[in-house]
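Open the model in your viewer and keep the sequence panel beside it. The stops below say what to select and what is there.

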Amino acid sequence: MAGRLLWKPDAARVARHPLTAFAQKAGELAGRDLSDYDQLHRWSVEERAAFWDLVWDVAGVVGERGGASLAAGETMRDDRFFPEARLNFAENLLAHAGDRADEEAIVFRGEDKASQRLTWRELEALVSRFAQAFCAEGIVAGDRIAAMMPNMPETVAAMLAATSIGAVWSSCSPDFGERGVLDRFGQIEPKLLIACDGYYYAGKTIEISDKLAAITGKLGAARTIVVPYIGAADAVAGAVSRGVSLDAFLAPFEPAPITYERLPFAHPLYILFSSGTTGVPKCIVHSAGGTLLQHLKEHRLHCGLGPQSRMFYFTTCGWMMWNWLVSALATGTTLLLYDGSPFHPVPTVIFDYVAEEKATFFGTSAKFIDTARKEGLTPIDTHDLSAVEMLASTGSPLSPESFDYVYAGIKQDVHLASVSGGTDIVSCFVLGIPGRPVYEGEIQGPGLAMAVDVWNAAGQPVRGEKGDLVCTKAFPAMPIRFWNDPTGERYHAAYFDQFPGVWCHGDFAEWTEHGGIIIHGRSDATLNPQGVRIGTAEIYNIVEQMDEVLEAICIGQPWDGDVRVVLFVRLADGVELTDDLTTRIKSAIRAGASPRHVPARVLAVTDIPRTKSGKIVELAVREVVEGREVKNKEALANPHALDEYAGRPELAV
């Protein structure tokens, strides 16, 4: 499968990119030319110890490295990176504060309701006050601090303060329901809960006092710190169990030098959660050292970030992209935070922000790009995006049409990087590669030191056909463990059951002739008509290009000893699902994919169920269609959307 060439970096861009200098240093170590990315990647996989040592040096990691950078174990799970090292995550993220004290560290905008700017000096001062207050509450290394917060500067500062002590940070966004919060934070028993007093979305002020009171009454945290956002912190703090406003919490403490607790490389840093649409969310524990090094590699070498960079990524605190975003501080990058609707108060609000703040890195979701395309937005004509050097997309596969739209409608000379990885590794398996061309519909390739491959069901590497995305060698950002999984059985079942000793990520993927990757959807959502595995993204990429169809979701329904494809479509305003439109949908899929992709049933719905991070949930729809209860609707942004999928008479015949 070959995509059309869309963009190629010029020689000057490649020459000044940090990856070029890194490849030269790696070549000196290896004793051979590693300027070609394939050669550099092969060396990084074969010589992982030397590679990660070089990343440590080039990135200027603050800490004590100790002895060997890799202690090999019996299996992939048993490998240990930097087993003697000691470092502190927050110390590394604030390493540039001294040199750039009066320059901007964070810019924040909350729709048209709030804005804020913090210098590095101001950020460091706020972190210091938070850390002192946490210590006064008796917080020590290993304690959990949970946050139900918008993507705002106080959230970043609280995380840095927590991790400066060695506390373990976990967060979600304030739009989570009571059950969703308790299903997550209830498992990890946080000592402190940090929450906003409310939030803004699509121009509305959303109060959360009652929900927060219900949560705090059951969570059992020693204290709930209420952060002002909508101007009701004192009132909300008085209404919740053991509540205190942020101002009162920090009042006794003046900024002072921060004491950073240097801890082992594998000390817990974050607890992230699986989406939880098929049961109680898994609590995935990530290490401080592994997260730091993996993010430094991706930010510096793949994204080219540095003190000159200004990074925007549209995310909430309930998505791993927030954790990925804030790590960019370690490169000296200025963070451009945004909270609220990406299309309010005007459809161009994100492009306005990126242009006004001269973002050099623009990150968003595939869904945002697709929506902007369908809305007819053409910032290439209306906005000055000259500062943007890289545009990243993740969350779901970016369609070929969206690739085209970026270059036709957003910016011609930009490095478009579709990336894929996830919560499980709080980073990427495949992502942008600075010196390579961009081809329509393709992720450029595997990350450095990521032994990525595509295997068939027999565990054999395949080219020119679809299979499971695997990683055959350990990497630092593998989870340490799952919380409350003392024997490691759940961890093993999640990643190592399918191919013993090899990480199977659960993505249905395919190599391209350019050495790139196409993600066809989740393996557990693949369709299997007549025994042939089909990725759902293949169908979406076709049907969602029709003017009549806004978005779609499809499942495989067991039927007559086989599986039939059922496609649900959300139609544009005023459009009805007529026999003619159904025929045209099927014909488009047949022509664009294959006869096996053609749905047996096409049904109209008014909404598509999604997680709070915007991912559509085929598995939940399949459960409803097959008459089973969806175990954790709280994980969904719009759980009521599932109602119209249940008991459809069209699916009984």
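Which residue takes a positive phi in the hairpin of β30 and β31? Select Gly515: its phi is positive, near 85°. The hairpin has five residues between its strands. Bear in mind throughout that this is a predicted model.

**Stop 1: β30 and its partners**

Stay with the hairpin and select residues 503-511, strand β30. This strand is mostly covered, with nine of its nine residues buried. Next, add residues 517-522, which form β31. The two strands pair in the antiparallel sense, over four bridges. To find the register, pick Ala509; its bridge partner in β31 is Ile519.

Now bring in β28, residues 467-471. β28 also pairs with β30 over four bridges, in the antiparallel sense. Here the pair to display is Asp468 and its bridge partner in β30, Phe508.

**Stop 2: β21**

Move to residues 390-394, strand β21. Is β21 largely enclosed or left open? Five of its five residues are buried, so the strand is largely enclosed by the rest of the structure.

Show the side chains. Met390, Ala392 and Thr394 point one way. Leu391 and Ser393 point the other way, and all of these residues are buried. In a regular strand the side chains alternate between the two faces of the sheet.

Now select β20, residues 361-365. β20 and β21 run parallel and are joined by five bridges. Phe361 has Met390 of β21 as its bridge partner.

Then take β22, residues 415-418. β22 and β21 run parallel too, joined by four bridges. Ala392 stands opposite Ala417 in β22.

Add helix α17, residues 400-410, to the view. Together, β21, α17 and β22 make a right-handed β-α-β unit.

**Stop 3: His295**

Select helix α12, residues 288-302, and pick out His295 within it. Is His295 buried or exposed? His295 counts as buried because its relative accessibility is 1%, and the cut-off for buried is under 20%.

Expand the selection to the contacts of His295. Leaving aside neighbours within four places in sequence, these are Arg300, Asn323, Trp324, Ser327, Val426 and Ser427.

**Stop 4: Glu261**

Go to the loop between α11 (246-250) and β15 (263-264), and select Glu261. At a relative accessible area of 39%, Glu261 is partly exposed.

What does Glu261 touch, not counting residues up to four places away in sequence? The answer is Leu87, Asn88, Ser164 and Ile165.

For a sense of scale, draw a distance from the C-alpha atom of Glu261 to that of Thr371. The two residues are 110 residues apart along the chain, and these atoms are separated by 45 Å.

**Stop 5: the sheet with β15**

Finish with a three-stranded open sheet, in the order β2-β5-β15. The pairing is antiparallel. β2 (63-64) and β15 stand at the edges, each with a single partner strand, so one side of each is left without a neighbour in the sheet.

Look at β2 and β5 (residues 86-87), which are joined by two bridges and run antiparallel. Select Gly63 to see its bridge partner in β5, Leu87. Leu87 has already appeared on this tour, as one of the residues that Glu261 touches.

Technical notes. Residues are numbered from 1 along each chain as its sequence is written. This is a predicted model: local features need pLDDT of at least 70, side-chain atom pairs count only at pLDDT 80 or more; totals for chains, interfaces and linings use all residues. Side-chain values use heavy atoms; hydrogens and water are left out. Buried means under 20% relative accessible area, exposed over 50%, partly exposed in between (1.4 Å probe, protein chains only). Contact means heavy atoms within 4.5 Å. Two strands pair if DSSP finds at least two bridges between them. A crossover is right-handed if, with the strands pointing away from the viewer, the path from the first strand over the helix to the second runs clockwise.
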